[in-house]
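Could you walk me through how this protein is put together, sheet by sheet and helix by helix? I have the sequence and the model open beside me.

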Amino acid sequence: NLFFNVAAILKQKKPTYFILENVPNLLRHDEGRTWHEIQKILGEELGYNIRAERFSPHHFGIPQIRERVYIVGSLLPLDRFEWPKTSDAETNIVSVLDDNPPNAKKLSPQVKECLEVWDEFLKASPASVELPSFPLWSMEWGATYPYEEVTPYELQKQFGYDGLKGFKGSHGTKIGYLKSFEERWAALPSHARTPQARFPKWKQDFIRQNRQFYEDNKTWIDPWLPKILRFPSSLQKFEWNIKGGERNIWDYVIQFRASGVRVKRRTTAPSLIAMTDTQVPIIGWQKRYMTPHECARLQSLEGLKKLPSSPTKAFAALGNAVNSNVVEMVARALLRQGLPNAITSARAEGFAGVPEEC
């Protein structure tokens with residue numbers, strides 16, 4: 001809804017150019033109706049020529065995957081406008097890192113222990129088993145509650161206390177042996193306790209894939225499984241984005257998200273978000289979190305003379321920031337296409353001092 005504030009500013013100030021930035025889902029939101037309305041307001045009502053494109057800093061040699069949609073607008077024609085050239089050249093997060101900076105936050109005992117447990121999982125997996133790219137939800141390993149035609153919520157709504165009897169919940173917990181409804185409900189994975197009659201397809205797919213993965217690999221998963229039980233639910237999920245890579249968690253970049261423990265190659269950092277301290281990327285081979293100054297480099301803001309005083313505020317600000325190099329390249333492309341139009345217009349209206357070489 002903030003777009004309407006932007007539109008009000010454009011209507012009042014009438015700048016020749018503008019650049020807007022947002023998450024890429026803006027183009028698909030509400031089946032495209034949101035983007036259609038934005039184009040209508042900017043174009044038909046405010047008189048701007050507009051273009052939109054998706055970019056990520058890693059397209060420009062900056063080691064961060066952070067895809068965003070950039071919308072440019074101009075009161076001048078955009079006939080000559082060309083988006084900045086991108087590159088497929090590989091990047092490396094090492095280019096923004098300091099070597100064991102003394103001010104880097106160390107891993108807490110729980111975080112370190114959790115990562116060691118998931119590293120044991122990697123080491124236990126046979127080389128012949130290809131680790132999947134979908135998120136691993138360990139709480140689904142051994143679960144049998146229904147999830148395709150009906151949800152646990154709908155079951156208990158129809159049958160009350162005994163609706164979940166006979167099923168297994170997180171990590172194979174036998175729900176029927178639990179005495180109260182509250183205990184039975186809590187024994188389900190948190191993603192299965194949503195109040196809906198039917199799960200969306202993506203959730204059904206993840207549950208199905210996880211249960212099949214467990215059935216195919218339970219002989220080596222079962223001896224490991226009890227070790228993950230002592231951690232919170234969010235730490236019992238794991239995303240391995242290193243297909244074909246060495247199975248050593250400490251070789252990579254790690255991030256704790258609400259969706260689980262995410263492991264990525266050194267080529268890029270995860271997208272910076274308005275992070276809490278615990279969501280800051282971890283540099284596995286140095287067993288530490290990234291510093292605010294390193295994260296500033298990921299946003300091409302290393303030239304800032306000052307960051308917010310506390311690391312928490314600095315990380316939040318950097319997660320909300322735009323990448324300054326990407327914005328600069330888009331702005332230069334926008335101004336470059338507008339220069340000939342502006343000069344032609346100036347000459348036509350008799351302005352003196354427009355150099356011939358322009």
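Here is a tour of two sheets, the helices that go with them, a core and one loop residue.

This is a predicted model, in which local features need pLDDT of at least 70 and side-chain atom pairs count only at pLDDT 80 or more, while totals for chains, interfaces and linings use all residues. Residues are numbered from 1 along each chain as its sequence is written, and side-chain values use heavy atoms, with hydrogens and water left out.

**The three-stranded sheet and its helices**

Let us begin with the open sheet of three strands, whose order is 1-3-2 and whose pairing is antiparallel. Strands (E, at least two residues) and helices (H or I, at least four) are DSSP runs, numbered from the N terminus; two strands pair if DSSP finds at least two bridges between them. Strand 1 (17–22) and strand 2 (49–55) are the edges, each pairing on one side only. On average, neighbouring strands of this sheet are turned by 20° against each other, direction ignored. Six bridges link strand 1 to strand 3 (residues 68–74) in the antiparallel sense. If you look for the partner of F18 in strand 3, you will find G73.

Helix 2 (residues 33–45) packs on this sheet and touches strand 1, strand 2 and strand 3. Contact here means heavy atoms within 4.5 Å. The direction of helix 2 makes about 145° with that of strand 2; axes are lines fitted to C-alpha atoms, for helices over the stretch in contact, and angles run from 0 to 180 degrees between N-to-C directions.

How do helix 1 and helix 2 lie relative to each other, roughly parallel or roughly antiparallel? The axes of helix 1 (residues 3–13) and helix 2 cross at roughly 5° and come within 11 Å. The two helices are therefore roughly parallel, a label for angles under 35 degrees (over 145 is roughly antiparallel, 65 to 115 roughly perpendicular, and the rest oblique). Helix 1 brings F3, F4, A7 and L10 to the contact, and helix 2 brings I38, I41 and L42. By class, these residues are seven nonpolar, no polar and no charged. In this scheme Ala, Val, Leu, Ile, Met, Phe, Trp, Tyr, Cys and Pro count as nonpolar, Asp, Glu, Lys and Arg as charged, and the others, Gly among them, as polar.

**The six-stranded sheet**

A second open sheet has six strands in the order 4-5-7-6-8-9, with mixed pairing. Its edges are strand 4 (136–137) and strand 9 (288–289), each pairing on one side only. Some of the pairings inside this sheet are set out below.

| Strands | Bridges | Sense |
|---|---|---|
| Strand 6 and strand 7 | five | antiparallel |
| Strand 6 and strand 8 | two | antiparallel |
| Strand 5 and strand 7 | three | parallel |

I254 of strand 6 is a handy landmark: its bridge partner in strand 7 is V263, and in strand 8 it is I282. V253 has I283 as its partner in strand 8, R257 has G260 in strand 7, and E239 stands opposite R262 of strand 7.

Both central strands are mostly covered: four of the five residues of strand 6 are buried, as are five of the five in strand 7. Buried means under 20% relative accessible area, exposed over 50%, and partly exposed in between (1.4 Å probe, protein chains only).Strand 6 and strand 7 form a hairpin with two residues between them. S259 sits in the loop between these strands and is partly exposed, with a relative accessible area of 30%. Leaving out residues up to four places away in sequence, S259 touches K237 and E239. S259 and S233 are 26 residues apart in sequence, and their C-alpha atoms are 9.6 Å apart in space.

**The largest nonpolar core**

Which residues touch the most other members of the largest nonpolar core? They are L115, F121 and F213, out of 52 residues in that core. A nonpolar core is a set of buried Ala, Val, Leu, Ile, Met, Phe, Trp, Tyr and Cys residues joined through side-chain atoms within 4.5 Å. Elements that each supply at least two residues of this core include helix 3 (109–124), helix 6 (201–221), strand 6 (253–257) and strand 7 (260–264). Helix 3 gives the largest share, seven residues. Apart from its neighbours within four places in sequence, F121 is in contact with L131, L136, W141, F213, W220, I221 and W224.
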